[in-house]
Structure formats: C-alpha cells, structure tokens
Amino acid sequence: MKYLFYTLLFVLILVSACTKKPTYKQVNVIPEYAEIQSKEDIFSFTDTCIIPYVYTKVISLKKLSVKEKKLKFVEMLLPSILFIQHDLNEKIKRLEHIESWISKNQEFIKSDSIFLFDLYEQYNCLAIEELKIRLKPHAPSIVLGQAAIESGWGSSRFFQEGNNVFGIWSYNAGENRIKALVGRDSTSIYVRKYPSIEASIRDYYQTIAKVNAYKEFRNKRSKITDPYKLVPLLFRYSEVGDVYTDYLYKIIKNNDLTKYDKYTISEEYLKEERIDLSR
C-alpha cells in the first residue's frame, strides 16, 4: 500500500512537471511623465543612474546660454533614449527566448507567435535574425548628436510645438502634424506632432530600423558599438551626405557625448514581470 502511494505521488509530480505552464520573465521600465514649463522643470542628473522621465511638453531652449542649452537638451532627451533602448533590448531577449524554445521543442507557443509576427509586420521582415539586427539600438551619443543637429539643440519650432526632435516629415493628412513655414517647390511641408519626446525618439529608431537606406548602418551596428565607426554610415540621412556625417562626428566629439553611452536607468524604476505564455 505504501509502495502504491509513493508510485502515485511520483506520477502526479511527473504529470504536473510535464504540464507546467511556460513562462517568460521580462523587465519593464516604469517611467515618470512630466511637463516642462520652465528650465527648472527639467530633472538634472546627479550620477550615471537616472530616473526615466518622459516629457510630454517641452520648451524652446533658444534663450539659454550655449552651455546651459546643451546640458538641458541632453537632460530632456537621454531618459527617453535609455527607456527606448531598454525596451528594444528586452524585445531582442524575447526573440532569443523564442529561438531557444523552438530549437528544443520544435514548435511555437501561441503567444510567442503573436509577439513574433507583430514585430515582423512592424519592421517589414520575415526572419528572427533580421529582426534582431533591426531592433538593436545604437549608442545614445549618436541619437543625441543627430537630435542636436535636427532641432538646433532644442531651439526649433517643431521641437517646441510638436515634440518633434528630428524634424521627421508627415505625408499623411490624417495624422497629427504641423505645417512648416516654408515649403519646397511650391509644395507645403508638414512634420509629425508627437505626444511626447519618447514617441519622437521611438519613431526615429523605427525609421533607422525599417528604411532600406540604412541597411549598411544596421548591419555594421549589429557587430560593433563604437559610435565614431558607425557615424560615417549615416550619410544617407541627409541630402548633403558626407558633409552631414562629418558634422555629426564633430558634434559628438566636441561635446563629449559618448560619456552618456555609459548612463543607465535607475534600478528602482525597473520592474520584473513574469508572463504566462500559455494564454
């Protein structure tokens, strides 16, 4: 009788183990949302671990001294850049989890399939390895340098009125947008209006990830992280080509923007979540 009891107990444990629900652990950023009415509303950094502030309203930095303007500009943008980078890296980790699961089990989990095919559609590709290349973020120093050029260190009208950091154009009359004061060849120009700085930077990362002109940059980015070696491959970002990348190189170097590549989000704003993949 005792032997039968232990046998049944062992079988129950075995069945329970076999039917255990697959789960996945991810780490989410818990951002702080804020509006900027004056320069005093911009949260200053005290060390390299920063609070992930997402600013939904900004101000023009045009009237500040050059030194203060540049510092406040970085303080406005860097938290959102790190927030997005963390999110992209978490997606890459999930893709690696899916690859590992498939190699061991030779089958997809439904929730993984939904996650995967949503990304396929969003990033215009049909392979996990290509997805990882497209998702991999590049250094904050490059993003800050391009943002500084495109917005005049936070002085542009598009930056102030539409949270548009990179002057990204709008071709869809149905989306929220701002008309430029000057058109091109008698054609009106519009730029996108974003709900936050974070949304603008996320759109920029997606543009780099999807547009074919940046394929060489993406492929190189998947192998190296040195911003100075990557910058020359962004020559298609501007009509002036190498003139633009030479200027971007100088912006990064002369303002020591690479020091921000070592910054991270404070751990107290990171929350671990366990996802039930069986749903």
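Start by selecting Arg94: in this predicted model, its relative accessibility is 7%, so Arg94 counts as buried, below the 20% cut-off. Keep Arg94 on screen and add Asp112. The two form a salt bridge, with the closest N and O atoms 3.0 Å apart. Asp112 belongs to helix 3 (residues 110-123) and Arg94 to helix 2, so this pair ties together parts that are 18 residues apart in sequence. And is Asp112 buried or exposed? Its relative accessibility is 1%, so Asp112 counts as buried.

**Next stop: helix 2 against helix 3**

Now show both helices. Helix 2 and helix 3 pack at an angle of about 125°, and their axes are 11 Å apart. That angle makes helix 2 oblique to helix 3. The crossing here is left-handed.

To see who makes the contact, select these two groups:

- From helix 2, take Leu88, Lys91, Arg94, Leu95, His97 and Ile98.
- From helix 3, take Ser111, Asp112, Phe115, Leu116, Leu119 and Tyr123.

Arg94 and Asp112, your starting pair, are both among these contact residues. If you colour the contact by class, you will find 7 nonpolar, 2 polar and 3 charged residues.

**Turn to helix 4**

Keep helix 2 in view and bring up helix 4 (residues 128-135). How are these two helices arranged? They pack at an angle of about 165°, with 9 Å between their axes. Helix 2 and helix 4 are therefore roughly antiparallel to each other, the angle being over 145 degrees. This crossing, too, is left-handed.

Here are the residues to pick for this contact:

- On helix 2, choose Leu88, Lys91, Ile92, Leu95, Glu96, Ile98 and Glu99.
- On helix 4, choose Ile128, Glu129, Leu131, Lys132 and Leu135.

By class, this contact holds 7 nonpolar and 5 charged residues, with no polar ones. While you are here, look for Lys91: this residue takes part in the contact with helix 4 and also in the contact with helix 3.

**Follow Lys91 into a network**

Leave Lys91 selected and add Asp87. They form a salt bridge, the closest N and O atoms being 2.9 Å apart. Both residues sit in helix 2 (residues 66-105), with their positions 4 residues apart in the numbering, about one turn of the helix. Asp87 has 22% relative accessibility and so counts as partly exposed.

Asp87 has another partner to display, namely Arg202. That salt bridge also has its closest N and O atoms 2.9 Å apart. Asp87 lies in helix 2 and Arg202 in helix 7 (residues 197-210), so the pair ties together parts that are 115 residues apart in sequence. Arg202, at 23% relative accessibility, counts as partly exposed.

Which residues complete the picture? Add Glu198 to the selection: Asp87, Lys91, Glu198 and Arg202 are linked in a network of salt bridges. If you would like to keep hunting, a search of the whole structure finds 14 salt bridges.

**Last stop: a loop**

Finally, move to Ser266, in the loop between strand 7 (264-265) and strand 8 (270-276). Ser266 has 13% relative accessibility, so this loop residue counts as buried. What does Ser266 touch, leaving aside its neighbours within four places in sequence? Select Cys49 and Ile50, and you have its contacts.

Terms used:
Residues are numbered from 1 along each chain as its sequence is written. This is a predicted model: local features need pLDDT of at least 70, side-chain atom pairs count only at pLDDT 80 or more; totals for chains, interfaces and linings use all residues. Side-chain values use heavy atoms; hydrogens and water are left out. A salt bridge is a side-chain nitrogen of Lys or Arg within 4 Å of a carboxyl oxygen of Asp or Glu. Buried means under 20% relative accessible area, exposed over 50%, partly exposed in between (1.4 Å probe, protein chains only). Axes are lines fitted to C-alpha atoms, for helices over the stretch in contact, and angles run from 0 to 180 degrees between N-to-C directions. Angles under 35 degrees count as roughly parallel, over 145 as roughly antiparallel, 65 to 115 as roughly perpendicular and the rest as oblique. A crossing is left-handed if the near helix is turned anticlockwise from the far one by less than a right angle, and right-handed if clockwise. Contact means heavy atoms within 4.5 Å. Ala, Val, Leu, Ile, Met, Phe, Trp, Tyr, Cys and Pro count as nonpolar, Asp, Glu, Lys and Arg as charged, and the others, Gly among them, as polar.
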